[in-house]
Structure formats: structure tokens, C-alpha cells
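Student: Hey, have you got a few minutes to go through a model with me? I'd like to start broad and then poke at a few residues.

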Amino acid sequence: MEHIIWDLDPVLISFMGLKVHWYGALFALAIATGFQVMKRIYTKEGLDVESLDNLLVYCVVGIIVGARLAHCIFYDPSYYLAHPLKIFAIWEGGLASHGGGLGAILALYYYQRKVKLPFLFLLDRLAIATAIFGFFVRLANFANSEIIGDPTTQPWGIIFKRIDMIPRHPAQLYESFAYLLIFVGLYAIYKYTNMKQKHGAIFGVFLASVFSARIAIESVKVSQAAYHESILSAGQWLSLPFLFTGIVLLIMAYRKPS
């Protein structure tokens with residue numbers, strides 16, 4: 001059985017010594033697309049669109065710092081304790097999406113104190129943009145041949161030539177398209193239902209759906225942790241609190257008035 005061989009050059013464009021990588025281009029596209037989604041929502045609701053520039057800066061910083069620290073703490077703590085200066089070497093790779101999510105929430109809290117809008121109201125809207133952001137980030141991981149899946153005999157298995165010649169689950173694509181479906185679902189809920197009037201409900205759906213998908217897909221991923229894991233992977237353990245939080249938010253949203 002023949003499988004697709006994936007060997008994309010990580011450099012998208014090289015001009016006069018300047019290199020633009022696929023990862024960087026797709027990450028930038030993720031930020032730009034998420035920003036446009038938020039801009040559309042703000043325009044529709046008559047909110048201050050110009051304040052989104054501040055939110056963009058806060059979120060980019062929060063995501064990068066949070067994702068880096070989470071990777072260092074939860075996935076390879078012994079290495080970074082021995083080499084603390086390596087924590088700052090983000091160009092070497094190592095960003096954990098769970099930490100990036102927490103960083104974005106803290107950034108939103110800082111932003112919320114300036115614009116004086118309800119925190120859960122903002123989280124509901126940012127959740128929609130975050131879902132499409134995740135779609136592009138996982139495509140960037142696929143382009144970079146990272147966060148690969150376990151070996152598989154399924155016909156859709158992909159050989160990541162930069163890693164080895166073993167057909168593997170395209171776990172990055174599983175996640176990417178899961179996030180795309182979640183984005184479509186959340187935007188439809190926002191546009192066609194009154195759930196947006198229940199502060200925290202859309203964010204609850206986001207957390208419950210995203211981290212249910214993460215827990216399921218982690219079962220076919222190569223472990224990212226540098227230590228021996230138990231029954232659940234580090235990614236699955238980190239996903240559980242987010243999943244439970246989403247369920248609690250949904251329950252609370254429908255137990256109080258709009």
C-alpha cells in the first residue's frame with residue numbers, strides 16, 4: 001500500500017538572505033484571520049473596533065509567553081531546570097497550546113479592565129476567533145512535520161520524510177479540521193441562536209468541544225513529553241480541567257438570567 005510522502009521545504013520564500021517559513025506565514029495568517037473575525041463581531045455589535053489593536057498585542061504576547069512556559073513546565077521540566085536560559089530560546093521550538101490558551105485568557109482579562117465589558121461576554125466572542133486561529137496553527141504544525149501521530153496501517157497514513165519513513169496518523173490535520181468544524185459551529189450558534197445572551201455559554205461550548213477533541217486525538221499522537229507518562233498523556237491530563245470548566249460554564253450560564 002502506497003502512502004503520501006510529506007517532505008515540504010519549511011522555507012516558503014527566500015529572497016536576498018531573508019527567509020519566510022511556512023510555519024511563520026501560517027501563524028501570521030492565524031492571527032490575521034482571528035483578528036478579522038473579532039472585527040466582524042465588534043462591528044456587528046457596535047463595539048469599539050479600534051480597541052481591538054490593543055487586544056491583538058496583548059493576546060499575541062500572552063499566547064507566546066503562556067505557550068512557552070507551559071511547554072517548559074509540563075513537557076520537559078528537568079531539561080529547562082538544568083538550562084534555564086533555554087526557556088527564552090523559542091526559536092528552537094516548544095509551545096504548548098494549553099499554556100497559550102491561559103495566556104490569551106489573562107491577556108483578555110487585562111484588556112477587559114480597560115474597555116469595561118463583561119469578561120465572559122468577551123470570552124464568548126474570543127472563543128469563536130480562537131477556534132479558527134487553532135485551525136491555521138495546526139496546519140502550520142503539519143507544514144513543519146511536527147506533532148506527528150503514531151504509526152498506522154490506515155490508507156490515509158502519511159510518511160513524514162523529515163522524521164522517518166513510517167506511515168503515521170496525520171494528527172495535526174485531525175486537530176486542524178476539528179477546530180474548523182468547531183469554528184463553524186460556534187459562529188452559527190452566535191449568529192442564529194440566543195446563546196450569546198447567556199454569558200459564558202459559547203465559551204463553555206468551545207472548551208468542552210475543543211478539549212474533547214484534544215483528548216481523543218492525543219490517543220493517536222506521539223508523546224510530546226520528555227518523561228514517562230501514565231495511562232493518560234500529558235496533553236490529555238492538561239485537557240481535563242479545561243473540559244470540566246467548559247461543562248461548568250454551560251451549566252452556570254443556563255442557571256442564571258441572561
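Tutor: Sure, we'll take the overall fold and then some individual residues; keep in mind that this is a predicted model.

Student: Great. How many helices and strands are there in the protein?

Tutor: The protein has eight helices and five strands.

Student: And what pattern does the protein follow along the sequence?

Tutor: Reading along the sequence, you get β-β-β-α-α-α-α-α-β-β-α-α-α.

Student: What about the radius of gyration of the protein?

Tutor: The protein has 19 Å, and a compact globule with 258 residues would come out near 18 Å, so the two agree. The C-alpha trace spans about 55 × 45 × 40 Å along its principal axes.

Student: What share of the residues counts as buried?

Tutor: Of the 258 residues, 45% are in that class. On the surface side, about 13800 Å² is exposed, and carbon and sulfur atoms supply 69% of that area.

Student: Contacts next. Of those with a separation of 6 or more, what percentage comes from residues 24 or more positions apart?

Tutor: That would be 66% of them.

Student: And how many positive and negative side chains does the protein have?

Tutor: There are 21 positive and 16 negative ones, with the centres of the two sets 10 Å apart.

Student: Okay, switching to single residues. Where is E218 found?

Tutor: E218 belongs to helix α7, which covers residues 201–218.

Student: Buried or exposed?

Tutor: E218 counts as buried because its relative accessible area is 11%, and the cut-off for that class is under 20%.

Student: Which side chain does the side chain of E218 make a polar contact with?

Tutor: That of K221, at 3.1 Å. Not counting residues up to four places away in sequence, E218 also touches S233, G235 and Q236.

Student: S233 sounds worth a look. Where does S233 lie?

Tutor: S233 sits in the loop between α7 and α8, the latter being residues 234–253. S233 is buried too, with a relative accessible area of 11%. Its C-alpha is 6.9 Å from that of S223, and the two residues are ten apart in sequence.

Student: Nice. Now I63: which helix is I63 in?

Tutor: I63 is part of helix α2, residues 52–74. Its relative accessible area is 19%, so I63 counts as buried, given that the class takes values under 20%.

Student: What is I63 in contact with, leaving aside neighbours within four places in sequence?

Tutor: G100, G103, A104 and F133. As for S97, which is 34 residues away along the chain, its C-alpha atom is 8.2 Å from that of I63.

Student: Last topic, backbone angles. What is the phi of K116?

Tutor: K116 has a positive phi of about 60 degrees, although K116 is not a glycine. That stands out because most residues other than glycine have a negative phi.

Student: And where is K116?

Tutor: In the loop between α4 (97–115) and α5 (119–143). K116 is exposed, with a relative accessible area of 67%.

Student: What about the phi of S145?

Tutor: S145 also has a positive phi, near 55 degrees, and is not a glycine either. S145 is in the loop between α5 and β4, with β4 being residues 158–160.

Student: Is S145 buried or exposed?

Tutor: S145 counts as buried, at 4% relative accessibility, whereas K116 is exposed.

Methods:
Residues numbered from 1 in each chain as written. Predicted model: local features only at pLDDT ≥ 70, side-chain atom pairs only at ≥ 80, totals over all residues. Heavy atoms only, no water. Helix = DSSP H or I, 4+ residues; strand = E, 2+ residues; numbered from the N terminus. Rg over C-alpha atoms; globule rule 2.2 N^0.38 Å. Buried < 20%, exposed > 50% of the residue type's maximum accessible area, 1.4 Å probe, protein only. Contact = heavy atoms within 4.5 Å. Areas by Shrake-Rupley, 256 points an atom, 1.4 Å probe, with all protein chains shown as cover. Lys, Arg positive; Asp, Glu negative; His and termini not counted. Charge placed at Lys NZ, Arg CZ, Asp CG, Glu CD. Polar contact = N/O pair within 3.5 Å; in protein donor to acceptor, adjacent residues only side chain to side chain.
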